[in-house]
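User: Could you take a close look at one helix here and its surroundings? I would enjoy one connected walk through the side chains and the backbone.

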Amino acid sequence: MKKLVINNNVRKYRFLKDEMTQQDLAKELGVSRQTIVAIEKGKYSPSLELAFKLARVFEMKIDDLFFVEE
């Protein structure tokens with residue numbers, strides 16, 4: 001089976017939320033800024049728990065924030 005490529009709109013929605021910094025988002029989620037950088041660059045797929053937390057911060061569904069490239 002081919003590996004899924006999961007992309008996200010974290011950076012986009014971070015800017016739309018009062019231009020929230022990576023550090024502010026990291027602090028709210030209890031992770032490092034480097035984790036946010038890696039997620040935004042698509043180098044790290046967050047755990048399901050962290051994905052739900054991200055979706056809550058931006059007040060949206062997980063599938064609006066994360067999507068699979070076909």
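Analyst: On one side of helix α2, K27 and E28 are exposed, where exposed means over 50% relative accessible area, buried means under 20% and partly exposed lies in between (1.4 Å probe, protein chains only). The other side of α2 (residues 22-29) has Q22, L25, A26 and L29, which are buried. These four cover an arc of only 100 degrees around the axis, so they lie on the same side of α2; the arc is that of the directions from the helix axis to the C-beta atoms. In general, an α-helix has 3.6 residues a turn, so residues three or four places apart point the same way.

A word on the ground rules: this is a predicted model, in which local features need pLDDT of at least 70 and side-chain atom pairs count only at pLDDT 80 or more, while totals for chains, interfaces and linings use all residues. Residues are numbered from 1 along each chain as its sequence is written, and side-chain values use heavy atoms, with hydrogens and water left out.

Back to the helix: the buried residues of α2 pack against α1, α3 (33-40) and α4, with contact meaning heavy atoms within 4.5 Å. Helices are DSSP runs (H or I, at least four residues), numbered from the N terminus.

Now for the two ends of α2. After α2 comes G30, with a positive phi near 75 degrees. On the other end, the loop between α1 and α2 holds D18 and also E19. D18 is not a glycine, yet has a positive phi of about 55 degrees; E19, likewise not a glycine, has a positive phi of about 50 degrees. For context, most residues other than glycine have a negative phi. D18 counts as exposed because its relative accessibility is 74%, and E19 is exposed too, with a relative accessible area of 60%.

Finally, let us visit α1, one of the partners of α2. A search of the whole structure finds one aromatic pair. Its rings belong to Y13 and F58, with centres 6.4 Å apart and planes at 45 degrees, so the pair is tilted (centres within 6.5 Å for Phe, Tyr and the six-membered ring of Trp; planes under 30 degrees apart are stacked, over 60 edge-to-face, the rest tilted). The pair links distant parts of the chain, 45 residues apart: Y13 is in α1 (residues 10-16), and F58 is in the loop between α4 (48-57) and α5 (62-65). F58 counts as buried because its relative accessibility is 9%. As a last stop, the charged end of R14 sits over the ring of F15, 4.8 Å from its centre; this requires NZ of Lys or CZ of Arg within 6 Å of the ring centre and within 35 degrees of the ring normal.
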